[in-house]
Amino acid sequence: MFYAILACALFVLGLHGLFASTHMLRKLLSLNVLTSAVFLLLVTVADLTDPVDPVPHAIVLTGLVVTVSTTAVALALLIRLSPGGSDTARGRPEGDQ
Amino acid sequence: MDWLAHTFDGLLGLALLWLAWQAMHAPGLFRSVVSYMVFGLVMALIWVRLEAPDIALAEAAIGAGATGALLLSALARLKDGSDAGRLHWRHPAELVFWLPFAAVTALVLGLTAWQLPAPGLGVDVARTLGQSGVDNPVTAVLLNFRSFDTLLEIGVLLVGVVAIWSLGPAPSPIVPKMPSPALPALGRALFPVFVLAATYLLWRGSHAPGGAFQAGAVMGAGGILMVLAGARPWLTGEEQGPWRWLLSLGLVAMLAVAVAMAALAGTFFAYPPALAAPLILALEISAALSIALLMFAVYLCGRPPDHWEAED
């Protein structure tokens with residue numbers, strides 16, 4: 001039960017970070033903390049029965065990979081949106097307006 | 001020794017909350033990112049405590065390793081080092097909202113979690129494990145009982161890479177200049193270990209914690225390390241090139257198996273028990289290869305060039 005409470009606290013913390021931070025990278029990190037909280041709750045619930053239920057484990061494994069891909073897409077967008085930096089560093093060919 | 005385990009749990013929980021707070025509110029983005037990477041490692045320890053070694057391996061490789069590399073490289077490319085989002089408590093009135101909000105949300109979530117029914121699929125999975133072709137229940141769920149989820153997951157990863165590549169060519173230079181010659185040398189020396197670890201994880205997946213995702217993530221991290229060490233992959237971004245085929249290999253293999261099984265047995269993804277073990281092995285190998293290359297493709301942050309330029 002300890003980990004269920006921990007998951008709830010982590011969820012609230014992540015939610016606060018998501019709303020209160022102003023930098024996009026911090027918002028992204030908060031979103032990742034938020035997903036970790038949800039995974040933690042799922043696995044805690046799976047641990048309640050005697051043969052540990054492997055289905056939530058598989059779902060969390062799937063979720064981890066999906067989280068990485070969404071983070072990567074968000075980061076790629078973030079780099080292209082960031083002010084400053086040369087165009088080539090942001091992945092735009094030179095002379096392309 | 002019960003109190004020892006409880007103390008350990010408590011310490012892990014406190015460390016987790018502290019690191020999460022640091023990741024979101026530490027002064028300086030670099031500290032935030034490093035805190036988040038350590039957060040992933042503590043999370044991996046917690047998965048071990050919760051009897052989920054498969055997720056622990058994946059979290060250590062994907063959550064801390066691959067995400068950490070992504071975040072750090074993004075941080076190097078975000079030119080505005082100024083951290084506008086540092087001060088959150090300019091208005092003390094915000095606390096008046098946040099404290100009751102946090103208390104109520106935590107309470108409602110806790111009550112809901114308390115009343116969640118315990119899932120009862122563990123017994124069913126254990127009963128049918130003999131027909132699934134593998135001995136590890138998580139692999140059985142991933143690649144036999146719930147293959148459809150895995151198919152969609154690899155699809156999401158592929159769509160992510162397509163989205164990133166469609167944003168334009170990869171930023172140049174691909175990697176920051178290395179101030180020290182130690183990392184390139186170490187990277188080259190460590191790469192065989194990465195290959196060995198990935199192969200071992202893949203082979204283990206059928207009977208013990210491990211499998212395609214962990215192996216793919218470790219392999220992808222090895223590839224990123226090699227690029228950091230100055231190597232340029234033989235794979236290029238040209239159309240009809242081999243990389244594009246390898247990236248979609250996992251999805252194509254899973255779809256082919258699913259459609260073939262639908263034609264043979266009449267049900268999507270219903271393996272005959274005799275064929276299940278070799279089919280799952282083939283799917284795991286193709287999925288691991290695809291995931292490794294997808295992780296690596298994601299790291300480049302854009303479409304790689306048709307021809308790699310020679311190193312200066």
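In chain A, 43% of the contacts (heavy atoms within 4.5 Å) with a separation of 6 or more join residues 24 or more positions apart. The model is a predicted one, so to speak with pLDDT limits attached: local features need at least 70, side-chain atom pairs count only at 80 or more, and totals for chains, interfaces and linings use all residues. Residues are numbered from 1 along each chain as its sequence is written, chains are lettered from A in the order in which they are written, and side-chain values use heavy atoms, with hydrogens and water left out.

Chain A itself is a plain affair: 3 helices and 0 strands, running α-α-α from the N terminus on. Helices here are DSSP runs of H or I with at least four residues, strands are runs of E with at least two, and both are numbered from the N terminus. Of the 97 residues in chain A, 60% are buried, where buried means under 20% relative accessible area, exposed over 50% and partly exposed in between (1.4 Å probe, protein chains only).

Next comes the interface. Chain A and chain B bury about 6,800 Å² between them, 80% of it on carbon and sulfur atoms; this is the accessible area (1.4 Å probe) lost on putting the two parts together, summed over both. Chain A gives 69 residues to the contact and chain B 87. Salt bridges between the chains (a side-chain nitrogen of Lys or Arg within 4 Å of a carboxyl oxygen of Asp or Glu) come to 0. On the chain A side, helices H1 (2–20), H2 (24–46) and H3 (54–81) each give two or more residues, and H3(A) has the largest share, with 21. By class, that side holds 44 nonpolar, 20 polar and 5 charged residues; Ala, Val, Leu, Ile, Met, Phe, Trp, Tyr, Cys and Pro count as nonpolar, Asp, Glu, Lys and Arg as charged, and the others, Gly among them, as polar.

The largest nonpolar core (buried Ala, Val, Leu, Ile, Met, Phe, Trp, Tyr and Cys joined through side-chain atoms within 4.5 Å) has 104 residues, and those with the most contacts inside it include A:Leu40, B:Leu16 and B:Phe39. Helix H11 (residues 273–299) of chain B supplies the largest share of this core, 14 residues. Beyond its neighbours within four places in sequence, B:Phe39 touches residues of both chains, among them A:Leu10, A:Val33 and B:Leu19.

One backbone oddity remains: B:Glu51, not a glycine, has a positive phi of about 60°. B:Glu51 sits in the loop between helices H2 (29–49) and H3 (53–77) of chain B, and counts as partly exposed at 47% relative accessibility.
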